[in-house]
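Reader: I should be grateful for a close examination of one part of this protein and of its surroundings. Please set out the reasoning in full.

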Amino acid sequence: MEGASVITTRFLPRETARHHREVILQVLQEALDTSKLSPTEIDVVCYTKGPGMGGPLYSTAIVARTIAQLWRKPIVGVNHCIGHIEMGRLVTKCDNPTVLYVSGGNTQVIAYSRKKYRIFGETIDIAVGNCLDRFARVLMLSNDPSPGYNIEQEAKKGKKFLVLPYVVKGMDVSFSGILSYIEERAPSLIEKGEYTPADLCYSLQETIFAMLVETTERAMAHCGSNEVLIVGGVGCNVRLQEMMGQMCQERGATLYATDERFCIDNGAMIAHAGALMFSSGQTTEWKDTFVTQRYRTDAVEVTWR
């Protein structure tokens, strides 16, 4: 796109793992200094067990295991998705919401039932955040501060709607076909002046967010829920919040969402979820302190609720 400032940096597993190794001790020291705590005052060490990229997960798990042994502390492996949910519940004070978890690597509609966070629907291919990020690269939008944020800002200027495939299969959604469809057509549509990049961002956002609202509403109806909680990095998107809020208003329900401090991945959410697990009697045995890139949300027993 003419005049755009393009940054091509991506989160690649090897480079991200290297970054984590380079800064982890500094971050650990800063956490101790800021909290004014000593290791003797810490009850448990928590780390992200998954899901996520293997390299970064392994790097931090090794450090967690090391300091747990040095400090003689128990250790808890936390599910990344549940970290988002519990941080959202803490910050918003919601009770028992239907959860829409949307990020670069995950898209799930979740509700709590019988000691598990049950997945009612999810993407069957790529995550919604990945879809937005990849289309941002097609338009050569900057990664600063993030591709999805820049898609959101462009979409605000869009006026002309391009009809795109709408792919809801029961409770599941699919984004790869929509992405392929708009990727193939975007260059010629822009070159011919039929649509602007802003129009295409607007069209993509409206379509995929409508799919997410539909599946979330269906889960609410099934569960008899009157609360929705949006978590994950894409949950920062104001337009998604507006669309979900309109649906909730029509149903007499309440929407809960957080800002970028808590939507985007953060250590506090892992610490909080780990503390909940530990306080309810859960710890991770040493033989199980591995990581898994495909750690399912519904694989965790929720003993703290």
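**Helix 3 and the sheet beneath**

Author: Of the 13 residues in helix 3, 11 are buried, so this helix is largely enclosed by the rest of the structure. The buried positions are H80, C81, I82, G83, H84, I85, E86, M87, G88, R89 and T92. This description rests on a predicted model, in which the mean pLDDT of the protein is 94 and 97% of the residues score at least 70.

The length of the helix can be checked against expectation. At 1.5 Å a residue, the 13 residues of helix 3 should span 18 Å, and the end C-alpha atoms lie 19 Å apart, which agrees.

The sheet comes next. It is an open sheet of five strands, in the order 5-4-3-8-9, and its pairing is mixed. Strand 5 (116–122) and strand 9 (254–257) form the edges; each has a single partner strand, so one side of each is left without a neighbour in the sheet. On average, neighbouring strands of this sheet are turned by 25° against each other, direction ignored. Strand 3 (residues 98–102) pairs with strand 8 in the parallel sense, over four bridges. Within this pairing, L100 has I230 of strand 8 as its bridge partner. Helix 3 (residues 80–92) packs on the sheet and touches strand 3, strand 4 (107–113), strand 5, strand 8 and strand 9. The direction of helix 3 makes about 125° with that of strand 8.

Strand 8 also leads to an annotated position. N237 lies in the loop between strand 8 (227–231) and helix 8 (238–251). An unreviewed UniProt entry lists N237 under "binding site", together with Y101, V102, S103, G104, G105, D133, G148 and E152. N237 has a relative accessible area of 4% and is therefore buried. Leaving aside neighbours within four places in sequence, N237 is in contact with E152, Q205 and F209.

E152, from the same UniProt list, is found in helix 5 (residues 147–155). Its relative accessibility is 7%, so E152 counts as buried. Not counting residues up to four places away in sequence, E152 touches Q205, N237, V238 and R239.

One reservation concerns the start of the chain. Over residues 1–9 pLDDT stays under 50, and the model has 13 contacts for them beyond four places in sequence. Where pLDDT is low, the predicted coordinates should not be read in detail.

Note on methods. Residues numbered from 1 in each chain as written. Predicted model: local features only at pLDDT ≥ 70, side-chain atom pairs only at ≥ 80, totals over all residues. Heavy atoms only, no water. pLDDT = per-residue confidence, 0-100. Contact = heavy atoms within 4.5 Å. UniProt positions renumbered as here; feature names shortened; annotations may be inferred. Helix = DSSP H or I, 4+ residues; strand = E, 2+ residues; numbered from the N terminus. Buried < 20%, exposed > 50% of the residue type's maximum accessible area, 1.4 Å probe, protein only. Pairing = 2+ DSSP bridges. Axes fitted to C-alpha atoms, helices over the stretch in contact; angles between N-to-C directions. Expected span 1.5 Å × (residues − 1).
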